[in-house]
Amino acid sequence: MSMAVIGMIAGMALGFAGYFGGFGAFLLVAALGAVGFVAGRFLDGDLEPGEFFRTRDRGERRR
């Protein structure tokens, strides 16, 4: 499936949720869609857990 079709389906799902369930349902569907997207990318191997929990470099700061 192309990304355009997937985007259209996601937009339609958000539209139906917003129309029938109100703004709260719209936000819930959008948040769960984002969680599902990240979980799918993680399971496909496109994301590494360390990308979310990277430490900052504590080297010298320049002024």
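Me: Contact here means heavy atoms within 4.5 Å. Leaving out residues up to four places away in sequence, which ones does alanine 17 touch?

Reply: Keep in mind that this is a predicted model. With those sequence neighbours left out, alanine 17 touches Gly22, Ala25, Phe26 and Val29. Alanine 17 itself is found in helix H1.

Me: Why is alanine 17 called buried?

Reply: Buried means under 20% relative accessible area. Alanine 17 comes in at 12%, so the label fits.

Me: How far from alanine 30 is alanine 17, in sequence and in space?

Reply: They're 13 residues apart along the chain, and their C-alpha atoms are 9.3 Å apart.

Me: How do you know what span helix H2 should have, and what do its ends say?

Reply: H2 covers residues 23-44, which is 22 residues. The expected span is 1.5 Å times one less than the number of residues, so H2 should span 32 Å. Its end C-alpha atoms sit 31 Å apart, and that agrees. Right after H2 comes glycine 45, with a positive phi near 90 degrees.

Me: Back to the rings. What makes the pair of phenylalanine 16 and phenylalanine 20 stacked?

Reply: A search of the whole structure finds three aromatic pairs. In this one, the centres of phenylalanine 16 and phenylalanine 20 are 6.0 Å apart and the planes differ by 10 degrees. Centres have to lie within 6.5 Å to pair, and planes under 30 degrees apart count as stacked, so both tests are passed. The two residues lie in helix H1, four residues apart, about one turn of the helix.

Me: And why is the pair of tyrosine 19 and phenylalanine 20 called edge-to-face?

Reply: Here the centres are 4.9 Å apart, with 85 degrees between the planes. Over 60 degrees counts as edge-to-face, so that's the name it gets. Ring pairs link Phe16, Tyr19 and Phe20 into a cluster.

Me: Are tyrosine 19, phenylalanine 20 and methionine 3 buried or exposed?

Reply: Exposed means over 50% relative accessible area. Tyrosine 19 has 68%, so it's exposed. Phenylalanine 20 has 62%, so it's exposed too. Methionine 3, whose place is in helix H1 (residues 3-21), has 65% and is therefore exposed as well.

Me: Which residues make the nonpolar surface patch?

Reply: Met1, Met3, Val5, Ile6, Met8, Ile9, Met12, Phe16, Tyr19 and Phe20 make it, with an area of about 1200 Å².

Key:
Residues are numbered from 1 along each chain as its sequence is written. This is a predicted model: local features need pLDDT of at least 70, side-chain atom pairs count only at pLDDT 80 or more; totals for chains, interfaces and linings use all residues. Side-chain values use heavy atoms; hydrogens and water are left out. Patches are made of residues with over 30% relative accessible area and no salt bridge: like charges are joined within 9 Å, nonpolar side chains (Val, Leu, Ile, Met, Phe, Trp, Tyr) within 5 Å. Accessible areas come from the Shrake-Rupley method with a 1.4 Å probe; for residues, only the protein chains shown count as cover. A salt bridge is a side-chain nitrogen of Lys or Arg within 4 Å of a carboxyl oxygen of Asp or Glu. Buried means under 20% relative accessible area, exposed over 50%, partly exposed in between (1.4 Å probe, protein chains only).
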